[in-house]
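Open the model in your viewer and keep the selection tool at hand. The stops below say what to select and what is there.

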Amino acid sequence: MTGVPRIRHNDFGVLAPPALGAWEPTLTVTVVIPAHDRQETLNLTLAALSAQSYPEHLLDVIVVDDGSATPLHLPELVPARTKLISSPPGGWGRAWALQAGLDAATGEVVFVLDADMVPHRRHVEAQLRWHHLAPYVVALGWIDFTAATDLPTQERVRQALESDEEGALFPLSPHRHDWAEQIIDDHDGLRTAPSSLATRIHVGATASYPAGLLRSIGGLDTSLVLAEDTELGYRLTQAGVVFVPDPDSRAWHIGLPTAMREFAALKRYNDPYVADRVPYRRYLRTDPGRQWLVPYVDATVPAGPYEDTRATVDGLLAGTIPDVRVTVPGPWESLSEERRSPLADPDLDLRLIQANFAGDPRVHLTSPLEGTAPFRLSVPPGWVASKETVERLVAHMEEHDLGALCVALEETEQGVTTARLDRTAAESRAALIAAPDDEWDDLIDALFGLEWLDGESWGFKRRPAVYPPRKKPIPELDRLAAEHEKKLALYRKRTSALRAELAQLRREAGKNGRDATRWREKAETWRREAVRLTRAQNRTVLERAVRKVRDLAFPTGSPAREDQPSPVSDD
């Protein structure tokens, strides 16, 4: 597509948004507001929309009443082109209402706003300027929370917007989307965020989408009544979008959302639905052997000779990543049930492949209809990946946020045989902006990066000459001998460890013995010194006592005193 900016990863820094109020918008936008029993706050949302800086003739509003107990109505103060519709029968919930609004929207951009949001004056304009720069941007607003219960009137809201006093409308709550803002701050405003992380900050309370792109991925998952914004963010990532959080697109959120009020209960409810649909949440897929609606890796193995195809598919299914889905494309429509020679059938290999995998739900002979995996792997038949190969390739791609890995398997006269791992988001981005003269791999490399690897180093091997391998039964005596040898080796290992431990204990015991001798010698020296000091102390005390008695009996100057002996003799 000529003239479309080429954004690498999520680095929207290549775009230069105009200053607010200093540009001329041209895109039409439909604001869709799903609402269920939110009349009081909806009134304020509509009042704020009636005072937006975005041109009135380019903006229309659709309020979708999602089965409110008391039907909603449009208040007096609304944007010029505002209509109220009801959710169609057959479903309920935010996603169902949003889809109804999307179906009725006529704008080139669909702007989703919850019915408890009060946007600032330039809220819509701030997001729409990004859509004027690139047709694959999803813009996200910045939310301030308030716990206010004494709400202003519609007139007060409009007057505050017109006088740039939106910040004074409500008391600011200390609660924020801290986790999302932390991700944004840690990654230079989200410009350096890897693909699997950028999708996490998609919160649907205020966001805008290219209408055509949103419809191309099927819109909302209307089977969900919660977590629909998480699931939509994942599919948008796979569609190749760039997420742009804009702090200038501010809005008030009246009251705290469910995620803040009842986090544990909400997470308990959401986890099974998110696990099934969002493969990025690896911590939700820890059960070995489980299969999920959307796989982590979609692998393709073209139908070839039966043994080659089976060996390659078996290797992929036996890997350390359990949520791998394999598609085996081939001319399956050519298989008929007419009479044929079973062993001389020209389509024999196709029939054997079909028979081998017909009962395995992980293997599809035609493209599966549901779910878009974040990674796509193609392997030629006859090449077998080790158990860790796919996991290692995905980890390498994620570590460097690459768009493609080309794995060279062998070089022949016909060229290089390769396996290939592609990032779905990179392929989708390239498809959105590719010009007729673009080389596909060069474009992938420019947008996300492409790297070549050596197949042998990453665990790819030719299949065994005989497949499946034929294992001869082991005679009972040989089996017992093998078990005995195995146990013997284990005992030897344990014995060696015990001997090492015993030697260490002996060394410690010898050291302790030497230490004990030294302490005994010191103790004897200290005992003798104590005896000597005790005797000296006793002698001093006795001398003092004798002197005192003598002084009392023979005062100083008495003739008899001269005849008295020394207080304490040497005896």
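In which sense do strand β14 and β15 pair, and over how many bridges? Select residues 404-412 for β14 and 415-423 for β15: the pairing is antiparallel and runs over eight bridges. Two residues lie between the strands, and together they form a hairpin. For one facing pair, show valine 407, which stands opposite alanine 419 in β15. Keep in mind throughout that this is a predicted model.

**The seven-stranded sheet**

Next, colour the whole sheet to which the hairpin belongs. This sheet is open, its pairing is mixed, and the order of its seven strands is β11-β10-β9-β12-β15-β14-β16. Residues 363-364 (β11) and 450-454 (β16) are the edges; each of these strands has a single partner, so one side of each is left without a neighbour in the sheet.

With the sheet still coloured, select residues 306-317. This is helix α11, which packs on the sheet and touches β9, β10, β11 and β12. Its direction makes about 165° with that of β10 (324-327).

Now step from the hairpin to β12. β12 pairs with β15 in the antiparallel sense over four bridges, and arginine 376 faces aspartate 422 in β15. With strand β9 (residues 297-300), β12 (residues 375-378) pairs in the parallel sense, again over four bridges. Show alanine 299 here: leucine 377 in β12 stands opposite.

**The eight-stranded sheet**

Move to the other sheet on this tour. Eight strands make up an open sheet with mixed pairing, in the order β3-β2-β1-β4-β7-β6-β8-β5. β3 (82-86) and β5 (117-119) are the edge strands, and each pairs on one side only. From one strand to the next, the twist averages 30°.

At the β3 end, select β2 (residues 59-65). β2 and β3 run parallel and are joined by five bridges. Aspartate 65 is placed opposite serine 86 in β3.

Add residues 39-49 to the selection. Helix α1 lies across β1 (29-35), β2, β3, β4 (109-113), β5 and β8 (242-254), and runs at about 15° to β5. Is this helix mostly covered or mostly uncovered? Ten of the eleven residues of α1 are buried, so the helix is mostly covered, buried here being under 20% relative accessible area. Among the buried residues are Gln39, Asn43, Leu46 and Leu49.

**The cores**

Hide the cartoon and show side chains. The largest nonpolar core has 51 residues, of which Tyr136, Leu190, Tyr209, Leu236 and Phe243 touch the most other members. Helix α2 (residues 94-104) gives the largest share of this core, five residues. Centre on tyrosine 209: leaving aside residues up to four places away in sequence, its contacts include Val109, Val112, His131, His202, Leu232 and Leu236.

A second, separate core holds 37 residues, including Tyr296, Val326, Leu350 and Leu377. Leu377 was seen earlier, opposite alanine 299.

**The whole chain**

Finally, zoom out. The chain has 16 helices and 17 strands. Its radius of gyration is 40 Å, well over the 25 Å that the globule rule gives for 571 residues, so the chain is more spread out than a compact globule. The C-alpha trace spans about 140 × 90 × 50 Å along its principal axes. Buried residues are 45% of the 571. The exposed area is about 30,400 Å², of which carbon and sulfur atoms supply 53%.

Technical notes:
Residues numbered from 1 in each chain as written. Predicted model: local features only at pLDDT ≥ 70, side-chain atom pairs only at ≥ 80, totals over all residues. Heavy atoms only, no water. Pairing = 2+ DSSP bridges. Contact = heavy atoms within 4.5 Å. Axes fitted to C-alpha atoms, helices over the stretch in contact; angles between N-to-C directions. Buried < 20%, exposed > 50% of the residue type's maximum accessible area, 1.4 Å probe, protein only. Rg over C-alpha atoms; globule rule 2.2 N^0.38 Å. Areas by Shrake-Rupley, 256 points an atom, 1.4 Å probe, with all protein chains shown as cover. Core = buried A, V, L, I, M, F, W, Y, C linked by side-chain atoms within 4.5 Å.
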